[in-house]
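Reader: I would like to learn how to read a structural model feature by feature. Could you take me through one, giving the general idea before each case?

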Amino acid sequence: MLHDCETGICLSKPKQLPGDIAGDAYTEKGIMERLVVLIDDSASMKGWKLESAKAALAGIMPRLERTPSDIHFIRSRDGPAGFVSTQVAAYNDTALTYEDIANNWQVCCTTWLWEYAHGVVSSIVSPLIEVVILTDGEDTDSVGEFLGPNGFSHMIKLFLVSGKQPRFRVYCIGNEVCMGKNKYYRDIALATGGTFVSVDHTTNATTRRSDLARFAEECNAPFQERRERALQAQSRYQTLLLDGDAQKYDWADEFRPAQSHDDGEFHGSEL
């Protein structure tokens, strides 16, 4: 079972409000959290990269089992059926397994990422959204300001205008795109309060297992713990800025981790 939420509300004892059916329901305990998983299915994701990404996916399955999750394969922008970015599981699916997801990996396409991700996240009503990206490359298929390594910054600005502050967790596979001159995957993850892990073909087995465990542990942590770690991640980003080792984005200071209703703010219903 993917998750045990009834009518889309992640609570141990769900209480549906009048008028709510399934979707982003506001309950007496809090607001339903949503998880978006974006899986790179580009042609370069083969061999050890594919195995590493599959291991990362397997590691976060406990989170998918308790948080309503939308799972997408990132493929091309245009092409025949099966070769374009597509959703393979919705938040209300109840019988999806790791094998169901992994068996759909085709390693086939180009990468339509930021424009597609913007559309996916924008369609979610809940203010509590985390986005997990498993990738080895850059966006090559988006158009306009979404295209390329800086496309994510345009996406984030649009999210902020619409009142959304999704937290990003990135498992980055490869060297140059992950920890080369422009460490944008790292910066988007830390600036939004998320997680960044990078592995490449030179990473030894012990370090790779440790990195996988850290990524899974941070993704799978309870809501409140993830909120506290978000502050730590953003603090690390600020330290990197002071050291001259990170890119400054004008939107970064606007991000605030989700908080509790008790002090006039939000808390998650996934607790």
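Author: What follows is a conversation about the chain as a whole, then its disulfides, a helix, two loop residues and the spaces between atoms. Please keep in mind throughout that this is a predicted model.

Reader: Let us begin with the whole chain: how many helices and strands are there in the protein chain?

Author: The protein chain has nine helices and six strands. Of its 271 residues, 55% are buried, and the accessible surface comes to about 11,800 Å², with 51% of that area belonging to carbon and sulfur atoms. A further way to read a fold is to ask how far apart in sequence its contacting residues lie; here, among the contacts with a separation of 6 or more, 76% are between residues 24 or more positions apart.

Reader: How should I read disulfides, and how many does the structure hold?

Author: In general, a disulfide is a covalent bond between the sulfur atoms of two cysteines. The structure holds two disulfides. One of them is formed by C108 and C109, with the sulfur atoms 2.1 Å apart, and the angle about its S-S bond is -80°, a left-handed link. The other joins C172 to C178 at an S to S distance of 2.0 Å, and this link is left-handed too, with -85° about the S-S bond.

Reader: Are the cysteines of these two links buried or exposed?

Author: It helps to recall the cut-off, which is that a residue counts as buried under 20% relative accessible area and as partly exposed from there up to 50%. C108 has a relative accessible area of 23% and is therefore partly exposed, whereas C109, at 8%, is buried. For the other link, C172 and C178 are both buried.

Reader: How do I read a helix, and which of the residues of α5 are buried?

Author: The general idea is that an α-helix has 3.6 residues a turn, so residues three or four places apart point the same way. Helix α5, which covers residues 151–161, is mostly covered, since eight of its eleven residues are buried. The buried residues are G151, F152, S153, H154, M155, I156, F159 and L160.

Reader: Which elements do the buried residues of α5 pack against, and what happens just after the helix?

Author: The buried residues of α5 pack against helix α4 (114–122), strand β5 (167–173) and helix α7 (184–191). Just after α5, G163 takes a positive phi of about 85°.

Reader: Loops are harder for me to read; where is I60 found, and what does I60 touch?

Author: With a loop residue, one can look at its place, its cover and its contacts in turn. I60 is found in the loop between α1 (48–59) and α2 (61–64). Why does I60 count as buried? Its relative accessible area is 1%, and buried means under 20%. Leaving out residues up to four places away in sequence, I60 touches V132, F215, A216, C219 and N220. Of these partners, C219 also counts as buried, at 1% relative accessibility, while V132 lies 72 residues from I60 along the chain, with 9.6 Å between their C-alpha atoms.

Reader: And how does the same reading go for S142: where is its place in the chain?

Author: S142 lies in the loop between β4 and α5. With a relative accessible area of 4%, S142 is buried. Beyond its neighbours within four places in sequence, S142 is in contact with W112, L113, W114, E115 and L147. E115 is 27 residues away from S142 in sequence, yet their C-alpha atoms are 5.5 Å apart.

Reader: Finally, how do I read cavities, and which residues line the largest cavity?

Author: One can ask in turn for the volume, the lining and the chemical classes of that lining. A search of the whole structure finds one cavity of 30 Å³ or more, and the largest cavity has a volume of about 30 Å³. Its lining consists of L38, D40, I74, T111, L113, I133, L134 and T135. The elements giving two or more residues to this lining are β1 (34–40) and β4 (129–135), and β4 gives the most, with three residues. By class, the lining of the largest cavity has five nonpolar residues, two polar and one charged.

Reader: What volume does the second largest pocket have, and which residues lie nearest its centre?

Author: The second largest pocket has a volume of about 190 Å³. Its lining has 13 residues, of which K181, N182, K183, D187 and Q247 lie nearest the centre. By class, that lining divides into four nonpolar, four polar and five charged residues.

Definitions and conventions
Residues are numbered from 1 along each chain as its sequence is written. This is a predicted model: local features need pLDDT of at least 70, side-chain atom pairs count only at pLDDT 80 or more; totals for chains, interfaces and linings use all residues. Side-chain values use heavy atoms; hydrogens and water are left out. On a 1 Å grid over the protein atoms alone, a cavity is a set of points where a 1.4 Å probe fits but cannot get out, and a pocket is an open set with protein on both sides within 12 Å along at least five of seven lines; lining residues have an atom within 4 Å of a point. Grid points are joined across faces, edges and corners, and a volume is the space filled by probe spheres set on the points. Ala, Val, Leu, Ile, Met, Phe, Trp, Tyr, Cys and Pro count as nonpolar, Asp, Glu, Lys and Arg as charged, and the others, Gly among them, as polar. A disulfide is a pair of cysteine sulfur atoms within 2.5 Å. Buried means under 20% relative accessible area, exposed over 50%, partly exposed in between (1.4 Å probe, protein chains only). Helices (H or I, at least four residues) and strands (E, at least two) are DSSP runs, numbered from the N terminus. Contact means heavy atoms within 4.5 Å. Accessible areas come from the Shrake-Rupley method with a 1.4 Å probe; for residues, only the protein chains shown count as cover.
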